[in-house]
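Hi,

Here is the structure I said I would pass on. Have a look at it first, and my notes on what turned up follow below.

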Amino acid sequence: MTDWTGRRFEVEVGAVAHGGHCVARAEGRVVFVRHALPGERVVVAITEDKGGSFCRGDAVEVLTASPERVVPPCPLAAPGGCGGCDWQHASADEQRRLKAAVVTEQLKRLADVTWDVEVEELAGGLEHWRTRTRLAVDRAGHIGFRAHRSHRVVPVADCVIAAPGTVDVLATQEWTPGAELEVSVDATGRTHASELLPDKGRLRSGKPVLRPHRVLGSSIAVEQAARREWRLDAHGFWQVHPDAADVLAEVVADWTGLVAGQAAWDLYAGVGLFAAVLAGQVGEGGAVVAVESSRRAAEDGAENLADLPQVRIFAGKVEDVLADGDLPAPDVVVLDPPRKGAGKPVVEAIAAREPARVVYVACDPAALARDVATFADHGYTLTALRAFDTFPMTHHVECVALLER
């Protein structure tokens, strides 16, 4: 098939699709269109075409606009600009409706579950919420973000969704061309940044290993959630929205149904946020098993939860730890897997221990739907679901699902 890259078509924009774009058709082919909204008529410029039944493009001219279209607050949220935000051109209500539609569609298509999803707003609005981010440095030493599906660095002086103390702080300094930067601002307002450079001669999965070259602030961040203070690796995993950790912890606490003396698992535990919640519910006479693949996070978790003797922390892959079998039978399992989801082996290992409830925290609706389908094959039914707009302006959404046996 002829490569359409660079061609332009006038199209009617259809439904939203997972990934921050909408579906349109041109000459019988599917076009995934960014910077458009359902119901609009636009001119789309094809930006990527690898053959087959679909290609990708940007809406470069809006002929008939949706009533939910707004002017993006950042001029780089446009065709050819920064790839970090997907929905700056949509109203706040429309952004949440689009995300709800994606979660609904993924559950129906991948799990055959019909669910009326509502995405709930968090406090603070659409801007200046992202407390952790990663940037690149261009050849001139300027910081920036990558363009969509590209290695090209788009220089920035600030960022609409970044929290104060992150991008604004780094933009005033000079950095090594070609470096990558990790930056976070913790609950105390302190900035932590690391400039990462390739470690010559060392590769991981075919890519250079990056090592810290220059550090600002401390390597330890201080966070607050679930009525506790947390000390952790400044660039380790923690929710990027300042309200997300507390909100998710509250939902988990509401849905476990645990009582004193029972046992629970916290899988993909990070530094133990949910393990702390579970420990409070089962008490000193109960048991909580927390499993985390990152040894640094597991060590941080052990230090943070040292006052909770009912918590046992295992550093290792979840599937490997569960295969050992020497764990207390769980009444409830909480899991918060990475974007790819838990996967069939882990779901089957959980189901084999027959917990009454599974509370699944998910950052990707497709992965959640696939795992819900696998749980259904083993006798578990989705009985509750809440979705939260923890990543405003982007296509990402956080869900919490309750599955009962």
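**Cavities and a buried strand**

By class, eight nonpolar, two polar and one charged residues make up the lining of the largest cavity. Before you read much into that, keep in mind that this is a predicted model.

So which residues are they? The lining of the largest cavity consists of F237, W238, Q239, A245, Y268, A269, G270, V271, L273, F274 and D336. The space inside comes to about 140 Å³. In case you want to look for others, the search of the whole structure gave four cavities of 30 Å³ or more.

The second largest cavity holds about 70 Å³ of space. Around this second cavity you will find V16, A17, H18, G19, G20, W87, L98, K99, V102, P365, H395 and V397. Sorted by class, that lining has seven nonpolar, four polar and one charged residues. Which elements supply at least two residues each to it? Those are β2 (16-17) and α1 (92-111), with α1 giving the most, at three residues. As a general point, empty space like this shows up when a probe the size of a water molecule is rolled over the atoms.

Now for the strand I would look at next, β16 (residues 263-267). Why call it largely enclosed by the rest of the structure? Because five of its five residues are buried. Side chains in a regular strand alternate between the two faces of the sheet. In β16, A263, W265 and L267 point one way, while A264 and D266 point the other way, and all of them are buried.

β16 also has strands paired with it. With β17 (residues 287-292) the pairing is parallel and runs over five bridges. To get from β16 to β17, the chain passes through helix α4 (residues 273-282), and this β-α-β crossover is right-handed. If you want a spot to find this pairing on screen, A263 stands opposite A287 in β17.

Strand β19 (residues 332-335) pairs with β16 too, again in the parallel sense, over four bridges. Here a handy place to look is D266, whose bridge partner in β19 is V334.

That is what I have for now. If you open the model, I would start with the lining of the largest cavity, including W238 and D336, and then move over to β16, where five of the five residues are buried.

Cheers

Note on methods: Residues numbered from 1 in each chain as written. Predicted model: local features only at pLDDT ≥ 70, side-chain atom pairs only at ≥ 80, totals over all residues. Heavy atoms only, no water. 1 Å grid on protein atoms, 1.4 Å probe; cavity = no way out; pocket = protein on both sides within 12 Å on 5 of 7 lines; lining within 4 Å. Points joined across faces, edges and corners; volume = space filled by probe spheres on them. Nonpolar A, V, L, I, M, F, W, Y, C, P; charged D, E, K, R; others polar. Buried < 20%, exposed > 50% of the residue type's maximum accessible area, 1.4 Å probe, protein only. Pairing = 2+ DSSP bridges. Right-handed = clockwise from strand over helix to strand, strands pointing away.
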